Amino acid sequence: MSGASTEGKPITCVAAVAYEAGKPLTVEEIIVEPPKAHEVRIRVEYTAVCHTDAYTLSGVDPEGAFPSILGHEGAGVVESVGEGVTNVKPGDHVIALYTAECQKCKFCLSGKTNLCGAVRATQGKGVMPDGTSRFKNKKGETLFHFMGCSTFSQYTVVADVSVVAVDPSAPLESICLLGCGVTTGYGAAVKTADVQEGDTVAVFGGGTVGLSVIQGAKLRKASKIILVDINDEKKKYAKEFGATDFINGRTDLKEGQTIVEKLIEMTDGGLDYTFDCTGNTKVMRDALEACHKGWGTSIIIGVAAAGEEISTRPFQLVTGRVWKGSAFGGIKGRSEMGGLIEDYKKGKLKVDEFITHRKPFAEINEAFENLHSGECLRTVLDLQNSPCIC
Ligand SMILES: NC(=O)C1=CN([C@@H]2O[C@H](COP(=O)(O)OP(=O)(O)OC[C@H]3O[C@@H](n4cnc5c(N)ncnc54)[C@H](OP(=O)(O)O)[C@@H]3O)[C@@H](O)[C@H]2O)C=CC1
Ligand SMILES: N[C@@H](CCC(=O)N[C@@H](CSC=O)C(=O)NCC(=O)O)C(=O)O
Ligand SMILES: [Zn+2]
Ligand SMILES: [Zn+2]
């Protein structure tokens with residue numbers, strides 16, 4: 001869609017619609033309404049596919065609503081803003097934030113969390129803060145929003161608290177990854193865990209999130225950084241992002257040995273920090289139990305399916321291990337994204353290295369298939385320079 005001025009008018013553009021759980025997305029034209037008060041309409045330039053998009057599409061997300069427009073790792077340019085928006089303006093380069101930051105609510109003012117209460121309830125229902133959607137298909141059917149972002153559309157509408165303006169010299173194709181995976185893992189290491197020099201760290205799951213934990217731990221000069229994965233293809237990435245060791249949790253164990261025993265043996269009693277980046281609740285238990293008695297802390301990042309529960313012997317906690325979680329790496333998107341982009345521009349934070357595949361938007365379903373191949377970290381989709389297949 002192009003035109004002299006689209007401000008205040010509905011825009012017809014291409015989006016990938018999730019009509020049904022477990023089915024491929026349908027790439028088709030949709031209509032995106034103009035932003036209302038405190039809303040921002042974004043021309044999405046690039047989006048990547050995160051494991052969480054596949055999780056919701058699979059139907060196991062209790063908040064998954066269909067039909068919807070998924071996608072939450074995206075960057076673009078502000079097309080227009082609704083009344084009362086002061087934090088961004090048309091033309092700004094922006095990243096959509098699935099963890100909003102209103103800077104006013106109890107959460108934002110607590111100084112204890114990056115979670116924000118401003119829009120989370122409506123976000124989880126797939127609607128804008130006023131309870132309605134800005135998306136409909138050409139039959140006039142309403143399409144739900146997703147994670148307050150819906151970046152699988154050439155245009156999207158988000159709440160003003162769910163968007164941050166960024167340095168326009170940073171390539172949108174790369175920094176879209178700061179909308180989720182890279183920020184989540186890196187923040188989990190440097191903020192949630194606050195890894196210190198000399199600490200020992202084990203990361204379960206070597207996708208973009210796990211490898212970003214590794215780069216954070218390396219930056220903090222952790223003495224040992226062990227990646228545990230079940231796919232040997234992840235070994236090359238382990239090294240590239242700064243791990244000191246790689247263990248294949250299925251094939252690198254002695255007969256009868258568990259991964260917990262192996263890790264405890266390698267670290268003189270257990271790790272200072274472990275991170276679950278798989279979403280597998282059995283792995284979460286192993287990650288906790290591989291922690292050092294007295295102080296080891298395990299951080300859950302992975303998202304588990306509806307109905308899944310974690311368990312361990314309470315004795316594991318009584319004897320000093322700590323179980324924590326981390327959302328968006330504990331990062332406050334509007335206050336702290338600028339710093340991450342500076343780190344990226346200085347070469348301190350790897351981002352480009354996660355782009356293993358690039359595709360036109362129309363091939364989005366292949367990007368979901370890529371997620372299951374060991375060598376794929378992130379597929380970045382180009383939304384504006386894609387042949388429209390409608
Ligand atoms: N809390 C938060 O804020 C966020 C959470 N997430 C969640 O974090 C997790 C990781 O995301 P992402 O990096 O994109 O996902 P990926 O699928 O790219 O990475 C997960 C990795 O874990 C590996 N794995 C699977 N099972 C095991 C196992 N039993 N032991 C060790 N490794 C295993 C996978 O191997 P294979 O490919 O062979 O299956 C894969 O390499 C997901 O659950 C995602 O939903 C993501 C972003 C934000
Ligand atoms: N909808 C799910 C919860 C999914 C979840 O835990 N999301 C993560 C981000 S995953 C990004 O790729 C998160 O930050 N959660 C905190 C939040 O406020 O959503 C469910 O209902 O289980
Ligand atoms: Zn994500
Ligand atoms: Zn808030």
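Q: Buried means under 20% relative accessible area; why does H72 count as buried in this predicted model?
A: The relative accessibility of H72 is 0%. That value falls under the 20% limit, so H72 is buried.

Q: Why is C50 given the term buried?
A: C50 has a relative accessibility of 4%, and because the limit for a buried residue is under 20%, the term applies.

Q: How do you know that C50 and H72 are donors of the zinc ion (ligand 3)?
A: Donors must lie within 2.8 Å of the metal. The zinc ion (ligand 3) is coordinated by C50 through SG, by H72 through NE2 and by C180 through SG, at 2.0 to 2.3 Å. These distances satisfy the cut-off, and therefore the three residues qualify as donors. Along the chain, their spacing is C-x21-H-x107-C. C50 belongs to the loop between strand 3 and helix 1 (51-58), and H72 to the loop between helix 1 and strand 4 (73-81), so this pair ties together parts 22 residues apart in sequence.

Q: What makes the arrangement around the zinc ion (ligand 3) tetrahedral?
A: The four donor atoms subtend angles of 95 to 127 degrees. Four donors count as tetrahedral if all angles lie between 85 and 135 degrees, so the arrangement meets the criterion.

Q: Which residues are the protein donors of the zinc ion (ligand 4), and how do you know?
A: They are C102, C105, C108 and C116, each through SG, lying 2.3 to 2.4 Å from the ion. The limit is 2.8 Å, so the four sulfur atoms are accepted as donors. In sequence these donors follow the pattern C-x2-C-x2-C-x7-C. Among them, C105 sits in the loop between strand 5 (93-96) and helix 2 (106-110), and C116 in the loop between helix 2 and helix 3, eleven residues apart. Both C105 and C116 are buried.

Q: Why is the zinc ion (ligand 4) said to have a tetrahedral arrangement of donors?
A: Its four donor atoms subtend angles of 105 to 117 degrees. Because the permitted range is between 85 and 135 degrees, the site is classed as tetrahedral.

Q: Why is the pair D130 and K36 called a salt bridge?
A: The closest N and O atoms of D130 and K36 are 3.1 Å apart. The pair links distant parts of the chain, 94 residues apart: D130 is in the loop between helix 3 (120-124) and strand 6 (135-137), and K36 in the loop between strand 2 (26-32) and strand 3 (39-48). A salt bridge requires the nitrogen and oxygen to be within 4 Å, so the pair qualifies.

Q: Are D130 and R134, which form a salt bridge at 3.2 Å, buried or exposed, and what decides the term for each?
A: R134 has a relative accessible area of 2%, which is under 20%, so R134 is buried. D130, at 41%, lies between the limits of 20% and 50% and is therefore partly exposed.

Q: How do you know that K345 and D167 form a salt bridge?
A: Their closest N and O atoms are 2.7 Å apart. K345 lies in helix 11 (residues 333-345) and D167 in the loop between strand 9 (163-165) and helix 4 (172-175), so the pair ties together parts that are 178 residues apart in sequence. The separation is within the 4 Å limit, so the term holds. K345, at 46% relative accessibility, counts as partly exposed, and D167 does so at 31%. Elsewhere, salt bridges with shared partners join K36, E39, D130 and R134 into one network. By this rule the count of salt bridges is 21.

Q: Why is the pair T6 and E79 described as a polar contact?
A: The side chains of T6 and E79 are joined at 2.4 Å; the cut-off is 3.5 Å, so the distance criterion is met. T6 is in the segment before strand 1 (11-17), and at 13% relative accessibility it counts as buried.

Q: Why does K221 count as exposed, whereas Q103 counts as partly exposed?
A: K221 has a relative accessible area of 52%, over the 50% limit, and is therefore exposed. Q103, at 40%, lies between 20% and 50%, so it is partly exposed. Q103 has a positive phi of about 65 degrees although it is not a glycine, and the same description is given for K221. K221 is found in the loop between helix 6 (208-219) and strand 11 (224-229).

How values were computed: Residues numbered from 1 in each chain as written. Chains lettered and ligands numbered in written order. Predicted model: local features only at pLDDT ≥ 70, side-chain atom pairs only at ≥ 80, totals over all residues. Heavy atoms only, no water. Salt bridge = Lys/Arg side-chain N within 4 Å of Asp/Glu carboxyl O. Helix = DSSP H or I, 4+ residues; strand = E, 2+ residues; numbered from the N terminus. Buried < 20%, exposed > 50% of the residue type's maximum accessible area, 1.4 Å probe, protein only. Polar contact = N/O pair within 3.5 Å; in protein donor to acceptor, adjacent residues only side chain to side chain. Donors = N, O, S within 2.8 Å, 3.2 Å for Na, K, Ca; no water. Tetrahedral: all angles 85-135°; square planar, octahedral: opposite > 155°, others 65-115°.
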